[in-house]
Amino acid sequence: MIPDPTKIWPVIIGLAIGTFLIRYSFLGLLGDRELPAWFLRHLRYVGVAVLPGLIAPLILWPQATGGTPDLARILAAIAAITIGIWKKSVIGAVVLGFGTLYLVQYLAG
Amino acid sequence: MTAYNNTTKSTFWRGFRECMPFVLVVVPFGTLFGVAASEAGLNILQVMSFSVLVIAGAAQFSALALLQENAPTVIILLTSLAVNLRMAMYSAALVPHFGKLPPRMKMLISYFLVDQSFAMGIKEYEERPDQPVENKVAYFFGCMLVMAPFWYVSTYLGAALGANIPDKFSLDFAVPICFIALIAPTLRTVPHIVTALVSIIAALSLAWIPYSLGLIIAAIMAMMAGAFTELKLGAGK
């Protein structure tokens with residue numbers, strides 16, 4: 001659950017405006033402008049720099065268990081990562097991740 | 001003129017057909033977002049506003065995760081917008097094709113500029129660079145008119161369903177699973193792998209820093225590590 005619901009609307013509106021400005025940036029505002037190579041090189045890794053760090057604590061210290069590591073979630077994450085890298089499959093990772101989670105939870109009772 | 005319209009029309013339908021397979025990705029993600037967001041306590045209007053106004057799955061999931069961690073609004077926005085920064089690259093790459101269109105049209109294209117429409121569009125424009133701009137626009141909208149409705153509707157269905165799913169299904173785990181699914185297939189080059197590892201290690205070791213600031217520091221370190229590795233190895237291989 002979200003502890004402070006008053007943040008929800010500011011986040012939605014801010015994210016909507018910010019995301020639109022990012023998308024419209026070059027197309028509408030900056031035009032055909034050369035970007036420095038070092039800048040593009042960093043930009044390429046923004047996504048993969050943010051997302052793993054964001055989810056690592058959610059997997060190791062899940063809110064649902066009050067922050068104690070949970071074997072089912074860790075194994076599910078490993079399964080999803082493996083299938084995602086190996087098969088390059090987005091759907092496969094989701095299905096196998098949840099499949100593993102439920103299987104381990106079922107086996108553990 | 002008629003022939004012209006016909007090719008524009010057929011280009012639209014070609015975009016529609018060629019982007020159809022992405023529906024298989026969009027529907028589960030939209031549904032999971034709807035489910036995860038309503039589990040987190042958002043009402044239907046808030047869930048739908050996310051998917052309709054923001055229309056960027058990864059950033060929506062980031063915002064949702066950080067809202068649940070009670071991070072300050074500024075940090076939530078900075079982190080989630082960082083996830084979307086790649087779209088500035090898409091925007092720059094489309095300037096040679098759409099730069100001369102009227103602003104209103106460029107705004108509409110910008111709203112619909114997502115990973116899939118960009119990837120398919122840029123591939124089409126590189127294969128057929130000389131087609132008139134009307135056809136390029138038609139292809140792009142053909143692509144988005146198949147994906148966007150599925151995104152909205154699946155979010156709605158997820159949100160409507162979500163509140164009724166019992167806790168034992170551990171749907172809080174939808175957020176990490178979705179991110180793994182998005183990131184793992186991209187871990188194909190050494191710099192990407194280095195970036196991901198630095199991000200994980202730094203984020204875990206800096207988790208004690210208040211206001212989720214540790215994540216931002218970790219992301220900056222990881223980004224620099226990736227760019228540095230690429231520079232050392234040459235050409236991102």
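How many residues does the contact take from chain B, and how many from chain A? Chain B gives 83 residues and chain A gives 63 residues. Keep in mind as you click around that this is a predicted model.

**Stop 1: the side of chain B that touches chain A**

Colour the two chains separately, then pick out helix α6 of chain B, residues 86–98. With ten residues, helix α6 gives the most to the side of chain B that touches chain A. Now colour that side by residue class: you'll get 60 nonpolar, 19 polar and just four charged residues.

**Stop 2: chain B by itself**

Hide chain A for a moment and switch to a cartoon view. What kind of elements does chain B have, helices or strands? There are twelve helices and zero strands, so to speak an α-α-α-α-α-α-α-α-α-α-α-α run when you trace the chain from the N terminus. Turn the chain along its principal axes and the C-alpha atoms fill a box of roughly 65 × 50 × 30 Å.

Colour by burial next: of the 237 residues in chain B, 50% are buried. If you draw the contacts in chain B with a separation of 6 or more, 75% of them come from residues 24 or more positions apart.

**Stop 3: the two domains**

Select 2–182 of chain B as domain 1 and 187–237 as domain 2, following the domain assignment. A distance line between the C-alpha centres of these two domains of chain B spans 25 Å. Where they touch, the contact takes eight residues from domain 1 of chain B and six residues from domain 2 of chain B.

Which helix gives the most to the domain 1 side of this contact in chain B? Select residues 73–84 of chain B: that's helix α5, with four residues. By class, the domain 1 side that touches domain 2 in chain B has six nonpolar residues, one polar and one charged.

**Stop 4: the largest nonpolar core**

Bring chain A back. The largest nonpolar core has 112 residues. Show L51(A), A80(A), A36(B), C178(B), F179(B), I180(B) and A181(B) as sticks, since these are the ones with the most contacts inside the core. For the largest share, select helix α9 of chain B, residues 133–162, which supplies eleven residues.

Finish by centring on A181(B). What is A181(B) in contact with, leaving aside its neighbours within four places in sequence? Light up A80(A), G84(A), V90(A), A93(A) and V94(A) to see them. One of these, A80(A), is also on the list of core residues with the most contacts.

Terms used: Residues are numbered from 1 along each chain as its sequence is written. Chains are lettered from A and ligands numbered from 1 in the order in which they are written. This is a predicted model: local features need pLDDT of at least 70, side-chain atom pairs count only at pLDDT 80 or more; totals for chains, interfaces and linings use all residues. Two residues are in contact if their C-beta atoms, placed from the backbone, lie within 7 Å. Ala, Val, Leu, Ile, Met, Phe, Trp, Tyr, Cys and Pro count as nonpolar, Asp, Glu, Lys and Arg as charged, and the others, Gly among them, as polar. Domain bounds come from an automatic or database domain assignment. A nonpolar core is a set of buried Ala, Val, Leu, Ile, Met, Phe, Trp, Tyr and Cys residues joined through C-beta atoms within 7 Å. A residue is buried if 20 or more other C-beta atoms lie within 10 Å of its own, exposed if 12 or fewer, and partly exposed in between; C-beta atoms are placed from the backbone.
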